[in-house]
Each structure stands twice: as C-alpha cells, then as structure tokens.
Amino acid sequence: MFLKRLLIGFLTISVATPALFAQATPTQKKPNVVFILADNVGYGDLGSYGGGELRGAPTPRSDELAKSGLRLTQYLVEPACTPSRAALMTGQYSIRNGLSLVAEPGTPNTLSSKAYTMGQLFKDAGYATAIFGKWHLGGAPQSLPGAHGFDQYYGIPPDTSWDSAAYVQMAIQTHSFGNVPDKVLYDKGPWINQQKGNGPLERVKPYTMAVRAEIDNELTDKSIAFMKQQNAAGKPFFLYLPFSMGHSPNLPSKQFAGKSRIGQYGDKMMEGDYHVGQVMDALKEMNIEDNTILVFASDNGGTGQYFMNWDRLGLGAPDMGSNLPFRGDLGEPTEGAVRTFCIIRWPGHIAPGSTSYAMFSIMDFMPTFASILGVKLPTDRAIDGVNQIDVIKGKSSTGNRESLLTFIGPDLVAGRWKQWRYYFKDMARTGTGQQMVGGIFANAAPMYYPKFYNIEMDPHEDLQMTNYGWTAEPIFKVIQDYLASVKKFPNPPPSNVTNFSQPLGR
C-alpha cells in the first residue's frame with residue numbers, strides 16, 4: 001500500500017492562492033534570486049566551515065562562493081527536512097502549518113492550500129518561478145508547488161525524500177508484495193514528476209537507484225536552462241534548487257564516484273560543490289551575477305549512525321556528515337541538528353569575504369526577500385521570520401533576532417535565547433543494543449525543569465549550567481509571546497504519525 005500511496009492525489013489541483021499583500025514599486029531593477037538547498041549537510045562539512053580538504057572531500061567552488069559573499073556562522077534551521085522546508089517556504093514555524101515532522105505518504109502531513117509561500121511571493125512580484133528537486137511538503141493537490149506560485153516543477157515525488165529510490169528494490173528483496181512482477185512494482189512505485197503551473201502532476205520515469213545517482217546532473221541542467229530562458233526573455237527569476245547533496249543514499253554520479261577519500265558521502269559533497277560552481281559559471285556567462293542573489297545553504301545538520309549503512313561498496317565508509325563542533329544529529333533539537341552552513345552572495349550589496357555571527361533563521365529569508373522586493377507580507381497569520389537585510393548588507397552585526405523555538409511534532413522541545421540553549425524535553429535514544437538509534441527516532445521524555453547550556457562556553461553541550469537559572473526568564477517570555485500568537489492565529493492539528501485521532505489527510 002505504501003507504494004500506491006505515492007501516486008494518490010496527483011491528478012487534480014486546487015484553486016490558486018489569493019493575493020494577500022499590497023505591492024510597492026521597487027526602486028531599482030529586480031534582482032534574480034537563486035536558492036540552492038543542500039540536504040543534511042553538516043556545519044563541519046564544507047571547506048569554508050572547517051571541512052572540505054580536512055574531511056577528505058575538497059569543496060573549492062563553494063569555498064570560492066564564500067570568499068565572494070557572506071558566510072553566516074549562526075544559521076539555524078528546524079530539526080528535519082519537511083519542517084525546515086516548510087519554514088523556508090512560509091516564513092513560519094513549521095508547526096503553524098502542521099508540518100513539524102517529516103512528511104510521509106498517507107499521513108495528514110501536507111501543506112495547506114491556505115499557506116502563503118515564497119513561490120507565491122515571487123510570482124506575485126512578476127518573477128518567473130521554478131523548483132527542480134525535492135519539495136517534501138506533501139502530495140495532496142493543494143500542496144503541490146504549482147498550487148503555491150511555482151511555474152515549473154521537476155523532481156522526486158513531492159511527499160517523499162531521496163531514499164524513496166530504494167523502495168521498490170526493498171519490496172522486491174523482501175517479497176513484500178507476493179508474486180507481483182517487478183515491472184508492476186516499478187510502475188506503482190515512486191516516479192520522477194513534473195508540473196507546469198497549476199496543472200496536473202505528470203509522471204516522467206521511475207525513480208530508481210540508477211536515477212538517484214545521476215539526479216543532480218539533471219536538476220542542475222534544468223536549472224541552468226531555466227535561468228537562460230528567463231534571462232533571454234528579460235524576466236526576473238526565482239530559482240529554487242533543492243538538490244540531493246548530503247542525503248542518504250549519497251550515490252554519486254559516474255563522474256564523481258570514488259573522487260573523495262571518505263567514500264560516497266565525500267563523493268557527493270564534491271559533486272554538489274561542482275554543481276554549485278556550474279550555477280555560478282552560468283550566471284557569469286549570462287553577465288547577470290551582479291544582479292543575482294545567490295544563496296547556498298543546508299536544510300539540516302547531518303544524519304547520525306542510523307543512516308550510515310548506505311555504503312554502496314560494502315566497505316563500511318559511513319554515509320554521514322559532520323556536525324562538529326556541535327552535538328547531535330538530524331531529527332533532534334540539538335545545536336548540531338539545527339545549526340548548519342549558509343552562504344549568500346549579492347555583488348554590490350554584500351561585501352566579499354564577509355562573515356556574520358548574527359542569529360539568522362531559515363524563516364528569515366521570506367521577510368528579507370519581501371523587503372528587497374518592496375512588498376508586504378500577509379497580516380492574517382503569524383510571520384515568525386524577521387527582516388535581516390541589514391545583516392546581509394553588513395549594516396548590523398546582531399540583526400533582528402535573538403531567540404528561536406524548536407518543535408518536534410506537537411511538542412515545544414527546545415529554545416535558544418542569545419547564546420543559551422534550553423531543552424524542555426529530554427531526548428533519549430530508542431531501541432536496544434545495535435538497534436539503539438537517535439536523531440529522528442529519538443523519544444522525548446518530559447522534564448520538570450529545563451536543561452540549559454551556554455553554547456559559546458560549551459559548543460558540544462557537555463556541561464549543564466545549573467547555576468545560571470536566571471537565564472530562564474527571557475526564554476519563558478519568548479514562549480509566552482508565541483503562545484499568545486497561537487491564541488490569535490490557532491495552529492492546525494500538529495504532526496503525529498502515531499496518533500490516529502485525526503483523519504489521514506486534510
């Protein structure tokens with residue numbers, strides 16, 4: 001049934017999102033925006049963040065990008081793929097859209113038709129818009145990219161992730177569907193999809209492990225073709241390229257297989273770095289790099305040992321990144337899970353080789369882009385992102401954010417206020433022996449008092465600061481403000497894939 005679920009709801013599309021903001025007249029030519037999103041690449045993976053050559057996988061093109069732009073060193077996301085992508089697209093905490101867990105086919109976790117997204121922001125501002133890669137915000141008709149402002153979509157099933165390429169092979173290996181022929185399984189399994197505007201989702205080809213290995217080549221080629229087409233037409237564009245770099249199974253293309261010294265994860269780092277360079281070269285070739293905001297970031301920190309077993313050669317090289325110097329794995333509320341890299345280049349506006357330690361959330365891109373475009377965001381909902389244009393332009397060292405909350409499913413589990421990190425649930429590994437896992441499989445146990453750490457004194461969170469109880473008051477104020485906003489703008493039912501009190505799909 002899980003394979004059939006992948007194709008349910010793809011045939012009809014809901015009505016378009018209404019215009020929710022007033023548009024102002026920009027004072028200068030609209031900049032193009034290219035947002036490249038890596039997947040589960042840790043803080044310590046890229047060369048510009050202390051990895052690269054040191055990790056056995058050089059990243060010269062992204063290092064070059066960092067030298068020509070701004071490197072954020074306190075860039076914070078949400079604990080997993082769907083939550084971070086929901087926060088990026090809406091400028092809101094993922095729980096405000098019921099997407100605070102990883103979306104799975106057949107569950108209620110899907111983007112609402114009422115959501116206002118970055119795609120709609122740019123489309124309403126006169127931009128051509130496209131996404132090539134991973135959406136992961138649900139496969140219901142009202143959740144698809146075309147229903148949220150994107151003119152073009154090409155990528156993996158919109159309610160799954162990169163590992164779905166293995167679904168059919170796993171089903172065949174385990175004889176899970178009896179005597180069903182392999183051909184039928186591949187026909188019913190995950191396919192590469194495309195969508196034009198708000199039209200129907202069209203199947204292109206089965207999404208197999210062989211396709212997985214070469215997918216980023218396709219996505220990059222389509223991205224460059226889109227940019228060239230829009231540039232030739234004289235139209236500003238918003239390109240969202242959420243490619244596969246970093247997500248298990250990190251099957252590298254033939255060109256990069258065996259290139260690194262640390263196995264397939266390093267190979268994929270080098271391949272993704274190459275694709276970033278291809279985009280940079282295309283912008284330079286078209287002579288539009290000076291009028292293009294280029295962002296390269298990750299959606300989460302790296303996975304832990306629970307996804308390390310994808311080594312295609314069986315040699316034991318772990319398929320996982322480095323979150324150092326921070327603690328934790330993707331799926332947890334720890335600093336290593338929610339703090340990763342982000343590089344922004346905008347020639348003439350961002351000083352080359354600059355660095356900012358300002359706290360910057362993935363949600364902050366939405367209001368920052370709105371400010372650049374000269375538009376106002378909707379007022380009929382809470383917007384948790386803040387305008388960080390002064391950070392980007394080097395006019396502020398602290399920015400407009402000093403706190404951030406972290407949700408997993410229905411629970412507020414952690415928070416940040418300045419350099420202080422608080423936990424309101426105790427995250428514990430599940431299982432026993434070799435099957436003990438953390439990350440997205442960790443359990444949250446209640447506590448009567450929060451744990452808190454100073455991540456500057458103690459980046460790895462090894463020492464609880466029990467004698468600094470006075471620091472709790474500021475984060476409690478942040479929580480009270482959030483709870484007040486929920487009374488004004490109630491959240492939908494939160495993500496919970498073990499509680500069946502709510503219908504499957506909404």
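User: I'd like to learn to read the cavities here. What is the make-up by class of the lining of the largest cavity?

Analyst: Happy to help! The lining of the largest cavity has 8 nonpolar, 2 polar and 1 charged residues. Keep in mind that this is a predicted model.

User: Which residues are those, and which strand gives the most to this lining?

Analyst: The wall is made of V77, E78, P79, Y93, S361, I362, M363, L404, L405, T406 and F407. Strand β12, residues 403–408, gives the most, with 4 residues. The space inside comes to about 60 Å³.

User: How many cavities of 30 Å³ or more are there?

Analyst: The structure holds 2 of them. The second largest has about 30 Å³ of space, and its lining consists of D45, R55, A57, T59, I262, Y265 and M269. By class, that gives 4 nonpolar, 1 polar and 2 charged residues.

User: Now the cysteines. How many disulfides does a search of the whole structure find?

Analyst: First the general idea: a disulfide covalently joins the sulfur atoms of two cysteines. In this structure, the search finds 0.

User: Are C81 and C342 buried or exposed?

Analyst: C81 has a relative accessible area of 5%, so it counts as buried, given that the cut-off is under 20%. C342 is buried too, at 0%.

User: And what share of the whole protein counts as buried?

Analyst: Of its 506 residues, 57% do. The protein exposes about 20000 Å², with carbon and sulfur atoms supplying 55% of that area.

User: How many helices and strands should I look for?

Analyst: You'll find 12 helices and 15 strands. Among contacts with a separation of 6 or more, 72% come from residues 24 or more positions apart.

Key:
Residues numbered from 1 in each chain as written. Predicted model: local features only at pLDDT ≥ 70, side-chain atom pairs only at ≥ 80, totals over all residues. Heavy atoms only, no water. Helix = DSSP H or I, 4+ residues; strand = E, 2+ residues; numbered from the N terminus. Buried < 20%, exposed > 50% of the residue type's maximum accessible area, 1.4 Å probe, protein only. Contact = heavy atoms within 4.5 Å. Areas by Shrake-Rupley, 256 points an atom, 1.4 Å probe, with all protein chains shown as cover. Disulfide = S-S within 2.5 Å. 1 Å grid on protein atoms, 1.4 Å probe; cavity = no way out; pocket = protein on both sides within 12 Å on 5 of 7 lines; lining within 4 Å. Points joined across faces, edges and corners; volume = space filled by probe spheres on them. Nonpolar A, V, L, I, M, F, W, Y, C, P; charged D, E, K, R; others polar.
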